[in-house]
Amino acid sequence: MLHRLTADRDGFRSLTFRPGLNIILATRADGGDTDSSRASERRSRNGAGKSSTIDLIHFLLGGKAEGALAAAAVAEWNFSLDVDVGAERIEVTRSVANAKQVFIRSAKTGVDRIQNAQWCKRLGEEWFGLREKRGNGDVSYRQLVSYFARRKRDGGLDSPIRTFRNQSTASAETSLAHLFGLDAELVRRLHQSKAALKQTKDAQTALAALDKAAAEGTKRADLEAQIEAQIASVKLGRDRLAERIEAFNVLPAFRELERELAGLNQDFRDLSDGDVIDQEAIDVNVRFLEAETFTEAPDIARLFDEARIVFPDLVTDRYDEVHRFHEKLLENRQSHLQNEIAAAQQRIATRQPRRELIEARRRDITRSLRASGPADELLRLRDELSGRESELKQLEGRLQEARKLEERAEALEREVEDAVRALRQDRRERSTIVDTASRTFSEISERLYEKPGQLAISATDTGLRFLPQTPADGSAGVMSMEVFCFDLTLAALAKGRGEGPGFIIHDSHLFEPVDGRQFARALQIAADFSQSTGIQYVALLNSDELVRAERESGASFANYVLETELSDTPDGGLFGIRFD
């Protein structure tokens, strides 16, 4: 149960909740509660903070900062919620700027700072009996709690079964199985096996698509048989080629010439490599030689000229010595580079006759081999045989993969069949729970429509189907009322097992398409439901919508309206400030 929603800013419109039905009203800026233009109604809905109230409660219960909470203006605010967790009343405080941490205050333990993930884990354990996850696709706390506080922005009002638009069937069915008291693990295993089977079959399809040249008829066969037929065909062609090569008459000198040609090719490559290395050395040394020129050092000469005034004989001799030494060094360096260039040129010249001899012999051998028809044919046959062997290896590898995929698919199909049988058996063994759920839904819908609706829970080959249906009386808002009846039903069943957060939150979006009398009936049903089950029901409504419901039904809900009201004035919204 929720007790109080506050923030550490004076302008924040704190909300104090109470047991039973809680109606939070949002008024228009003109203060009117009578019929007016649709623009005024939209202004009231969009500006007061009803959706932000749900966003804030989700945030304090471990969710992300969404909607208005993503605005920089409230990032540093500390929001707090008093809420019952197990047998304790706890105050949780959290800010968007430090969203990874929450502060927990209780009479038993005082104030603790914990990670948000720990807070979610504790709520999952206390409210839904969750322990360690059993694998991919298992139920999560955030998925479960979303059924108790739906949001229109997420698509939570589009279907009773899902709380957000992209929620998978597996996620919805597993979550609902847990909330209704059925075996969620069986549902999870069924959907995991189905997903794995689909992946395996997709892999089989992709493997079969590799053979684009296969005849249309063979593609209708199973993958393993198709590849086996291809292997048999390729083996036959390979064996025929091997027999032809075995019977082929090779010229006596063919193999010797072939080996000689290979050796000559290697010798020619070695000579070419040597020429490349020597030519690079020549190029490098030429560049060095061009760079080796004597340059005067004018600053040093000037220094010696100035010093000669003081030490004429001594200074003149030493500078001349340095100058001659440098010239000699340069001459030696140039001589060395020239010698290196000459040596490399000589090596290249020495290789040329050998290269010409090799090239001449290569031409002779190649001419002889090409002139020999059988040798040329043998080369072609060997190339073809090599291609067949390669194709055969690829097909054998694909066959092994196809057999593994087939075995995997057969095992997964058995898993799916076993999971379906187990799910159906569990559905039969828990028929009392199913009957209670169906009866509860029928009773709630009967009060709305004066004839009962139906909630079928069916274990099928595709999963655990939840099929709520209210009487089709032609009135607007049938889907909204299916969501209303469904939420009260699942909350009642969870409460019966000692699970659930102890509250349901619906905002005005759920009731907008509903006529006034049916709207009033839903509110009265929620009030009676809260009193009988102890589950708190929070409705965030526009004041003009409540006036419409009271006028068309003759009922009054004034006793359920909370003292704090929201409005679309600049300081009348939930946060006390207006921001975009």
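A search of the whole structure, which is a predicted model, turns up three cavities of 30 Å³ or more. The largest cavity has a volume of about 40 Å³. Its lining is made up of Ile 57, His 58, Leu 61, Arg 142, Val 145, Ala 149 and Phe 503. Sorted by class, that lining holds five nonpolar residues, one polar residue and one charged residue. Two helices stand out here: helix 2 (50-60) and helix 4 (141-145) each supply at least two residues of the lining.

Some of these names come back around Trp 127. Setting aside its neighbours within four places in sequence, Trp 127 is in contact with Leu 61, Val 145 and Phe 503, among others, and these three residues also line the largest cavity. Further contacts of Trp 127 include Val 83, Asp 84, Val 85 and Gly 86, along with Tyr 141. Glu 499, Gly 500 and Pro 501 are on the list of contacts too.

Trp 127 also belongs to the largest nonpolar core, which has 112 residues. Together with Phe 79, Phe 180 and Phe 484, Trp 127 touches the most other members of that core. As for where the core residues come from, helix 14 (residues 478-496) gives the largest share, with nine residues. Apart from this core lies another one, of 10 residues, and Leu 223, Ile 227, Leu 395 and Leu 399 are among them. As background, nonpolar side chains tend to be buried together in soluble globular proteins.

Next come the strands. Four of them form an open sheet, in the order 10-11-3-12, and the pairing is parallel. At the edges sit strand 10 (503-507) and strand 12 (566-567), each of which pairs on one side only. Phe 503, seen earlier in the cavity lining, falls within the span of strand 10. Strand 12 pairs with strand 3 (residues 21-27) in the parallel sense, over two bridges. In one of the pairings, Ala 26 has Leu 566 of strand 12 as its bridge partner. In general, strands of a sheet pair through backbone hydrogen bonds, either parallel or antiparallel.

Finally, there is Asp 544, which lies in helix 17 (residues 543-553). Is Asp 544 buried or exposed? Asp 544 counts as buried because its relative accessible area is 7%, and the cut-off for buried is under 20%. Along the chain, Asp 544 and Leu 25 are 519 residues apart, yet their C-alpha atoms are separated by 9.2 Å.

Conventions: Residues numbered from 1 in each chain as written. Predicted model: local features only at pLDDT ≥ 70, side-chain atom pairs only at ≥ 80, totals over all residues. Heavy atoms only, no water. Core = buried A, V, L, I, M, F, W, Y, C linked by side-chain atoms within 4.5 Å. Buried < 20%, exposed > 50% of the residue type's maximum accessible area, 1.4 Å probe, protein only. Helix = DSSP H or I, 4+ residues; strand = E, 2+ residues; numbered from the N terminus. Contact = heavy atoms within 4.5 Å. 1 Å grid on protein atoms, 1.4 Å probe; cavity = no way out; pocket = protein on both sides within 12 Å on 5 of 7 lines; lining within 4 Å. Points joined across faces, edges and corners; volume = space filled by probe spheres on them. Nonpolar A, V, L, I, M, F, W, Y, C, P; charged D, E, K, R; others polar. Pairing = 2+ DSSP bridges.
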